[in-house]
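Hi,

Here is the structure I promised to pass on. Have a look at it first, and then read on for what turned up when I went through it.

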Amino acid sequence: PPRSTLSSSSAASDVYKRQTNTSALAVGDTFEGFEVLSVCANDDIEYDHNDASKVVLLSLFASWCGTCQGHVSSLESLHQQYSDQGLLVISAGKDIGNPYTCESWVTEFGASYIIANDNSGEVEQQFSIDGQVPYHVLIDKSKTVRYSASGYDQGTLEALIQTTLAE
C-alpha cells in the first residue's frame, strides 16, 4: 500500500492522506542512475546506466497488485517488440514475497525483462510522487525523464517509446 499518514480532520474521523514525495524526479529532469537496483530475475540482461544507446521503461509495481500483474503481458510485448531497437524494460517491485517472489513474477506472469526487488523503496523514492502502483517512467538515451505517471496508458507509452527510440 502507499506510504501514508493519518491526520485528524475532526475528533470523530480520520482522513487518509498520501504523503507527497517532493524529491521524486519529474519529466525533464536528468536521471543520474539508480541509487540501488537489486536485480532478482532475468539478471542475464545487461544494464549499464552510461549506455547512451538505451531507452529505459521503468515499471514500479507491488507483488500483490492485480492491475500490475495484468500489465506484465503488455510490458512483455513492449520488451519483445522494441528491445532490439534499444528499449530496456525494468520492473521494480515492492512487497516482493508477499505473495509473489521475483522468480514467480517470471514463471507465473511470463516476464522476461529485468525484475528488481525494491522492498527498500529506494527506486520508488527516486520516481514516484505518492507511492501508487503501477507507476511508469520513460528515460531517453540522454538520461532525461520523458514520461512519469501512475497507471498504465499503453497508447501514450508506446507512441513515446517509438519517438524516443527514433531520436
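Let's start at one histidine: a polar atom of the His 49 side chain lies 3.5 Å from the backbone nitrogen of Gly 33. Keep in mind while you look that this is a predicted model. His 49 sits in the loop between β3 and β4, the latter being residues 55–62. Is that histidine buried or exposed? His 49 counts as buried, because its relative accessibility is 17% and the cut-off for buried is under 20%. Leaving out residues up to four places away in sequence, His 49 touches Phe 31, Glu 32, Gly 33 and Lys 143.

Now for the overall picture. The protein chain has 167 residues, and 45% of them are buried. Its secondary structure comes to four helices and eight strands, and from the N terminus on the elements run β-β-β-β-α-β-α-β-α-β-β-α. Of the contacts with a separation of 6 or more, 72% are between residues 24 or more positions apart. The accessible surface adds up to about 7900 Å², with 47% of that belonging to carbon and sulfur atoms.

How far does the predictor trust all this? The average pLDDT of the chain is 84, and 87% of the residues score at least 70. Over residues 1–18, though, the pLDDT is below 50, and that stretch has 35 contacts in the model beyond near neighbours in sequence. I'd read those contacts with that score in mind.

Next, the cysteines. How many disulfides does a search of the whole structure find? There are two. If you number the bonded cysteines in sequence order, the pairing is 1-4, 2-3.

One of the disulfides joins Cys 40 and Cys 102, with the sulfur atoms 1.7 Å apart. This pair links distant parts of the chain: Cys 40 is in strand β3 (residues 38–41) and Cys 102 is in helix α2 (residues 102–109), 62 residues apart. The link is left-handed, with -65° about the S-S bond. Its two ends also sit in different burial classes: Cys 40 is partly exposed, at 22% relative accessible area, whereas Cys 102 is buried, at 3%.

The other disulfide is formed by Cys 65 and Cys 68, whose sulfur atoms are 2.5 Å apart. Which hand does it have? The torsion about the S-S bond of Cys 65 and Cys 68 is about 80°, so this disulfide is right-handed. Cys 65 is buried, with a relative accessible area of 5%, and Cys 68 counts as buried too, at 4%.

That brings us back to α2, the helix that holds Cys 102. Its buried residues are Cys 102, Ser 104 and Trp 105. Seen down the helix axis, the buried residues of α2 fall within an arc of 160°, so they line one face of the helix. What do they pack against? The buried residues of α2 pack against β3, β4, α1 (66–82) and β6 (114–117). So β3 turns up twice with this helix: as the strand holding the disulfide partner Cys 40 and as one of the elements that the buried residues of α2 pack against. Just after α2, Gly 110 takes a positive phi of about 85°.

That's what I have for now. Happy to talk it through once you've had a look.

Cheers

Definitions and conventions
Residues numbered from 1 in each chain as written. Heavy atoms only, no water. Disulfide = S-S within 2.5 Å. Helix = DSSP H or I, 4+ residues; strand = E, 2+ residues; numbered from the N terminus. Buried < 20%, exposed > 50% of the residue type's maximum accessible area, 1.4 Å probe, protein only. Polar contact = N/O pair within 3.5 Å; in protein donor to acceptor, adjacent residues only side chain to side chain. Contact = heavy atoms within 4.5 Å. pLDDT = per-residue confidence, 0-100. Arc of directions from axis to C-beta. Areas by Shrake-Rupley, 256 points an atom, 1.4 Å probe, with all protein chains shown as cover.
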